[in-house]
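Dear colleague,

Please find the structure below, handed over for your consideration. My account of what was found in it follows directly after.

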Amino acid sequence: MAHPAPVLEVAAIVDARGLSCPMPIVKTALAVKGVPSGSLIEVLATDPGSTKDFTAWCRSTGHDLVEDSFTPETRVYRYLIRRK
Amino acid sequence: MTTEVRHVDPLAEAIADVEGASEGASDAVPEAFTDAFRAAQPETKPRDLVLICYSGDLEKTWASLILASTAAASGVKTRVFLTFWGLQTFVKDEKRITGQNAMQKMLALMQRPGISHRRLSKMDFFGMGPWMMGVLAKQYGVASPKELLEACQALGVEFMPCQMTMDMFGLKREDMIDGLGEPVGAATVIELLSNGAASLFI
């Protein structure tokens, strides 16, 4: 996805590595509450179910899933979410 | 002789049957029917969830709290109605004997209330099952019911204790954990459900 701004300023990082469903979502929801609208939140997770969950969660909450990547070496999923 | 394959529309035929016009049924679904389907398309809007927490078993308590916290995290207005054994989970952990009369006290003794004292409905083995579940949960990063309850409260899940259950088990407001709503009855739950809240009975 092309982005106008090359540098993305992240307002909060949620480290949900090692956590199982539903904690990555719960922690992200709490983190989102703490940042102003339009802010970016970075989430790190290791739960393989999180990809579908974050996609669904962004659909139901209206937040924007800007980026979604997986690093096979570390087995870490990374999500970049922009608050509605 | 070859028979021509006729493409059928089972829904249209079913409707035609109901209307008593099966012979010479047209392929088209009656307009009123398609309109009704169109009208039923849900708009994307925040919906409500009412979870009826009836069971006090560990595995069901776990499921209830996972779903309630996730619903609240997804922006769904979430209410949990605590009734019968589900209410026992929300008695303070340190309360050992609750109730006013001998039978209520005996019941509390037989099934210890509190979120940290839940038992499995099957293969509890005097607490061995729940202990193993706890070890596995920690190993796999699964939040405990207590942690999930804290998440629920942080996310604004509304817990509604059942007044009737409180009376029957002789539970007082001060026996219950902090942060619960006012005790309510079945009519409150039914009103929420009939207004279109999604429901779960666990």
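I begin with a point in chain B: just after α6(B), B:Gly141 adopts a positive phi of about 65 degrees. Please bear in mind throughout that this is a predicted model.

The helix that precedes this glycine, α6 of chain B, covers residues 128-139. From its first C-alpha to its last, α6(B) reaches 17 Å over 12 residues, close to the 16 Å expected at 1.5 Å a residue. The number of buried residues among the 12 of α6(B) is one, so the helix lies largely in the open.

Chain B also touches chain A. The contact draws on 13 residues from chain B and 12 residues from chain A. On the side of chain B that touches chain A, α3 (58-73) and α7 (145-154) of chain B each supply at least two residues. The most comes from α3(B), which gives four residues. By character, the residues on this side of chain B are eight nonpolar, five polar and no charged.

I turn now to the sheet of chain A. This is an open sheet of four strands with mixed pairing, in the order β1-β2-β4-β3. The strands β1 and β3 (64-71) of chain A stand at the edges with a single partner strand each, so one side of each has no neighbour in the sheet. From one strand to the next, the twist averages 15 degrees.

Within that order, strand β2 of chain A (residues 40-45) pairs with two others. With β1(A) (residues 10-16), the pairing is parallel and runs over six bridges; here A:Ile41 of β2(A) is the bridge partner of A:Ala12. With β4(A) (residues 76-82), the pairing is antiparallel, again through six bridges. In β4(A), A:Ile81 stands opposite A:Ile41, and A:Arg78 is the bridge partner of A:Leu44.

Which side chains of β2(A) point to the buried face? They are A:Ile41, A:Val43 and A:Ala45, whereas A:Leu40, A:Glu42 and A:Leu44 point to the other face and are not buried. In a regular strand, side chains alternate between the two faces of the sheet.

Two helices of chain A lie across this sheet. Helix α1 (residues 23-33) forms a right-handed β-α-β unit together with β1(A) and β2(A). The same helix, α1(A), lies across β1, β2 and β4 of chain A and runs at about 155 degrees to β1(A). Helix α2 of chain A (residues 50-61) lies across β2, β3 and β4 of chain A, at about 175 degrees to β3(A).

Finally, I would draw your attention to A:His63, which lies in the loop between α2 and β3 of chain A. Why does A:His63 count as buried? It has 20 C-beta neighbours inside 10 Å, and a residue is buried if 20 or more lie within that distance. Leaving aside neighbours within four places in sequence, A:His63 is in contact with A:Val32, A:Cys58, A:Ile81, A:Arg82, A:Arg83 and A:Lys84. By contrast, A:Lys27 is 36 residues from A:His63 in sequence and 15 Å away in space, C-alpha to C-alpha.

With kind regards

Key. Residues numbered from 1 in each chain as written. Chains lettered and ligands numbered in written order. Predicted model: local features only at pLDDT ≥ 70, side-chain atom pairs only at ≥ 80, totals over all residues. Contact = placed C-beta atoms within 7 Å. Nonpolar A, V, L, I, M, F, W, Y, C, P; charged D, E, K, R; others polar. Pairing = 2+ DSSP bridges. Right-handed = clockwise from strand over helix to strand, strands pointing away. Axes fitted to C-alpha atoms, helices over the stretch in contact; angles between N-to-C directions. Expected span 1.5 Å × (residues − 1).
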